[in-house]
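Please work through the exercises below with the sequence and the structure open beside you, and try each task before reading its solution.

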Amino acid sequence: MTTSPLALPGPPGTAVRVLRVVAILACLPYLTLKVAWLAGSRVGVPEGSLLLEQPRLIAVANAVTLLMDLSVIVLALLLTQRWGRRVPAWPLAVPMWAATGLLVPIMVGFPVGTVAGLWEGPPTAAVSSEPFLDPWVFTVVYGGFIVQGLALGALFVRYATARWGHLWRGTVRDLTPRVSGPVVRAVAVAASLALVPVAAVHIGWASGMTEGLSPSQVASRTAGFHALEVLRALYAAAAVTGVGLLVFRRGRGLPVRVPLALGWAGSGAVGCWGGWQLLSALAPATDPAKEPTALLTLTYAGEMITGMVLAGCVAVFLRRRAG
């Protein structure tokens, strides 16, 4: 992707400065908790929590996730400061794609899961028997993630529109064959077909199927679990639809930004969230009932791989349209 200095956004106005402050402040609750836990505090961690079973592994996870949330602050500054205008395209686009992929499932899933839980009523003894974190922690942390996503997303849209907006001008019918090509189309088809059985597994789990779930997961399923599994299938559908429309130039009356947004957000949600859950599944389990099954591990691995491949198709599209 090329850059024209004259196309870059000007000095931030009041609205942009407010969004930047909001994005940074929204990181503070999560960062504060992570620092406290790394320092040995158990605030928000109930007695008997699973987090206390492997302190060294949890400490590493806390350090990594602390750095990940600090990167949100860096991105908020990059998107609004003069020096951010000189950052090459890919060192900015890749972390923004990853941020999209990690934040979108939370921004959509937390409200949906909460509403589903209200319909279900209070948790059963089986669900609440194994504490993880105090309920207020999820509200504070996920609420902060939602605010981060909204503020950072707004800043990125402003920045990207000013710097690269010419790449998604017009409708799909305006696209030329060179934006994809036979190789990219073949890769997109292969990744989409590989994602079909992965999405089917999530639909099965949403419908009540227990194959592939660990005994612990089977016992702890809630209405929120089923709702989130439906969303996982929808993210896959968004990724396949968006990339397919772009590389095959279908839906010719659609603005290019529509399939591009679907491909960007969908591939990110599939690839990044699948990769994150794969890492969690590969962590050593102290209880055999929590040991991930082969199907579970393969499902997460399939999401990670196909999501990244579909994101690669989006990247090729942008690169070729930039000339």
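The exercises that follow concern a predicted model, and each task is followed by a solution in steps.

**Exercise 1. The nonpolar cores**

Task: Find how many residues the largest nonpolar core has, and which elements give two or more residues to this core.

Solution. Begin with the count: the largest nonpolar core has 70 residues, and those with the most contacts inside it are Leu79, Leu92, Met96, Leu152, Trp164 and Phe317. Next, assign the core to elements: two or more residues come from each of α1 (14–38), α2 (55–78), α3, α5, α6 (182–206), α8, α9 and α10 (294–322). Among these elements α5 gives the most to this core, namely 10 residues. Finally, look for what lies apart from this core, where another core of nine residues is found, including Val201, Leu213, Phe225 and Leu278. As background, nonpolar side chains in soluble globular proteins tend to be buried together.

**Exercise 2. The second largest pocket**

Task: Describe the second largest pocket by its space, the residues closest to its centre, and the make-up of its lining.

Solution. The space in the second largest pocket comes to about 590 Å³. Its lining is made of 23 residues, of which Thr100, Phe156, Val157, Ala261 and Trp264 are the closest to the centre. Turning to the elements, at least two lining residues are supplied by each of α3 (89–120), α5 (135–164) and α9 (257–282), and the largest share, eight residues, comes from α5. Sorted by character, the lining residues are 18 nonpolar, four polar and one charged.

**Exercise 3. Two loop residues**

Task: Decide whether threonine 80 and serine 180 are buried or exposed, and list what each of them touches beyond its neighbours in sequence.

Solution. Place threonine 80 first, which lies in the loop between α2 and α3. Its relative accessible area is 6%, and because this is under 20%, threonine 80 is buried. A polar atom of its side chain lies 2.8 Å from the backbone oxygen of alanine 76. Not counting residues up to four places away in sequence, threonine 80 touches Pro12, Val16, Arg20 and Leu155.

Serine 180 is found in the loop between α5 and α6. With a relative accessible area of 1%, serine 180 is also under the 20% cut-off and is therefore buried. Once its neighbours within four places in sequence are left aside, serine 180 is in contact with Arg185, Val247 and Arg320.

**Exercise 4. Partly exposed residues in helices**

Task: For valine 147, threonine 241 and methionine 308, name the helix and explain why each residue counts as partly exposed.

Solution. Valine 147 has its place in helix α5, and its relative accessibility of 33% falls between the 20% and 50% cut-offs, so valine 147 counts as partly exposed. Leaving aside neighbours within four places in sequence, valine 147 is in contact with Val22 and Ala26.

Threonine 241 lies in helix α8, and at 40% relative accessibility threonine 241 is likewise partly exposed. A polar atom of the threonine 241 side chain lies 2.7 Å from the backbone oxygen of alanine 237. Threonine 241 and valine 141 are 100 residues apart in sequence, and their C-alpha atoms are 31 Å apart in space.

Methionine 308 lies in helix α10, and its 48% relative accessibility makes methionine 308 partly exposed, because the value is not over 50%. With neighbours within four places in sequence left aside, methionine 308 is in contact with Trp97 and Gly271. The C-alpha atoms of methionine 308 and cysteine 272 are separated by 8.0 Å, and the two residues are 36 residues apart along the chain.

**Exercise 5. The loops on either side of α8**

Task: Locate arginine 221 and arginine 249, and state what phi arginine 249 has.

Solution. Arginine 221 sits in the loop between α7 (215–219) and α8 (223–248), where, at 24% relative accessibility, arginine 221 counts as partly exposed. A polar atom of its side chain lies 3.1 Å from the backbone oxygen of valine 218.

Arginine 249 lies in the loop between α8 and α9. Its phi is positive, at about 55°, although arginine 249 is not a glycine. For comparison, most residues other than glycine have a negative phi.

Key:
Residues numbered from 1 in each chain as written. Predicted model: local features only at pLDDT ≥ 70, side-chain atom pairs only at ≥ 80, totals over all residues. Heavy atoms only, no water. Helix = DSSP H or I, 4+ residues; strand = E, 2+ residues; numbered from the N terminus. Buried < 20%, exposed > 50% of the residue type's maximum accessible area, 1.4 Å probe, protein only. Polar contact = N/O pair within 3.5 Å; in protein donor to acceptor, adjacent residues only side chain to side chain. 1 Å grid on protein atoms, 1.4 Å probe; cavity = no way out; pocket = protein on both sides within 12 Å on 5 of 7 lines; lining within 4 Å. Points joined across faces, edges and corners; volume = space filled by probe spheres on them. Nonpolar A, V, L, I, M, F, W, Y, C, P; charged D, E, K, R; others polar. Core = buried A, V, L, I, M, F, W, Y, C linked by side-chain atoms within 4.5 Å. Contact = heavy atoms within 4.5 Å.
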